[in-house]
Amino acid sequence: MKTAQQLVGEVKPTINEVSIEQLQQALNDHHTILIDVREQNEFANGHIDRAVNYPRGVLEFRIHQHPSVTQLCDTEQALQELANKPVYLICQSGGRSALSAEALTRMGFNQVKSVAGGMQAWTTATCQSLNKPNGGTDPTGCLP
């Protein structure tokens, strides 16, 4: 029997992890694909602008519906289109995004990147407010 942390520990050496700084650089390109794999209620409490929410439990079943490939009606064609694009995954602390990165890699995605430290690291490093679906913001707690 393995704990979730042991499983994450086994997966991390096999995936591509990026820093918050690398994610920030990638987000300068408006074509960057950022998927937040947290649960819907976590996403609703605050998320990075342009992130699409596909919780860990449904990621593999819904990634072909990503807005960047919605013009493609065929699931396999949409997956093929996404397979060679950089896909950044983020969760709360980095565990779920690591497991998600491993799953997408097994599906044939070539440029999957898990954000080390997740949203905890994002809010600490950037001191930015998080976007809320209702248009409000959630302060990060950074001092003025």
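Buried here means under 20% relative accessible area, and that cut-off is what the first view of this predicted model leans on.

**View 1. Helix H5 keeps Ala78, Leu82 and Ala83 buried.** These residues cover an arc of only 140° around the axis, so they end up on the same side of H5. A helix has 3.6 residues a turn, so residues three or four places apart point the same way. What do the buried residues of H5 pack against? Their packing partners are strands S2 and S4. Look at the face turned away from the buried side and you'll find the exposed residues Glu76 and Gln80. At the start of H5, Asp74 has a side-chain oxygen that comes within 3.4 Å of the backbone nitrogen of Glu76.

**View 2. Strand S4 is covered on both faces.** Val87 and Leu89 sit on one side, Tyr88 and Ile90 on the other, and all of them are buried. That fits the usual pattern, in which side chains of a regular strand alternate between the two faces of the sheet. S4 pairs with S2 in the parallel sense over 4 bridges, and with strand S5 (residues 112-115), again in the parallel sense, over 3 bridges.

**View 3. Leu89 has strand partners in both S2 and S5.** Ile35 has Leu89 as its bridge partner in S4, while Ser114 in S5 stands opposite Leu89. Which residues does Leu89 touch, leaving out those up to four places away in sequence? The list runs through Ile35, Val37, Ser97, Ser100, Ala101, Leu104, Val112, Lys113, Ser114 and Val115.

**View 4. The largest nonpolar core has 23 residues.** Ile35, Leu59, Ile63, Val87, Leu89, Leu104 and Phe109 are the ones with the most contacts inside this core. Two or more residues come from each of helix H1 (4-11), strand S2 (33-36), helix H5 (75-83), strand S4 (87-90) and helix H6. H6 gives the most, with 4 residues. A second core of 14 residues is separate and includes Phe43, Ile48, Ile90 and Val115. In soluble globular proteins, nonpolar side chains tend to be buried together.

**View 5. Asp36 and Arg38 form a salt bridge.** The closest N and O atoms of the pair are 2.8 Å apart. Are these two residues buried or exposed? Arg38 counts as buried at 3% relative accessibility, and Asp36 is buried too, with a relative accessible area of 0%. Both values fall under the 20% cut-off, so both ends of the bridge count as buried.

**View 6. Glu102 and Arg106 meet in a salt bridge along helix H6.** Their side chains come together at 2.8 Å, N to O. Why can they reach each other along the helix? The two are 4 residues apart in H6 (residues 95-107), which means about one helical turn separates them. Glu102 is partly exposed at 22% relative accessibility, whereas Arg106, at 64%, counts as exposed.

**View 7. Glu10 and Lys2 also meet in a salt bridge.** The distance between their side chains is 2.8 Å, N to O. Glu10 is partly exposed, with a relative accessible area of 41%. A search of the whole structure turns up 7 salt bridges, including this one.

Terms used
Residues numbered from 1 in each chain as written. Predicted model: local features only at pLDDT ≥ 70, side-chain atom pairs only at ≥ 80, totals over all residues. Heavy atoms only, no water. Salt bridge = Lys/Arg side-chain N within 4 Å of Asp/Glu carboxyl O. Buried < 20%, exposed > 50% of the residue type's maximum accessible area, 1.4 Å probe, protein only. Core = buried A, V, L, I, M, F, W, Y, C linked by side-chain atoms within 4.5 Å. Contact = heavy atoms within 4.5 Å. Arc of directions from axis to C-beta. Polar contact = N/O pair within 3.5 Å; in protein donor to acceptor, adjacent residues only side chain to side chain. Pairing = 2+ DSSP bridges.
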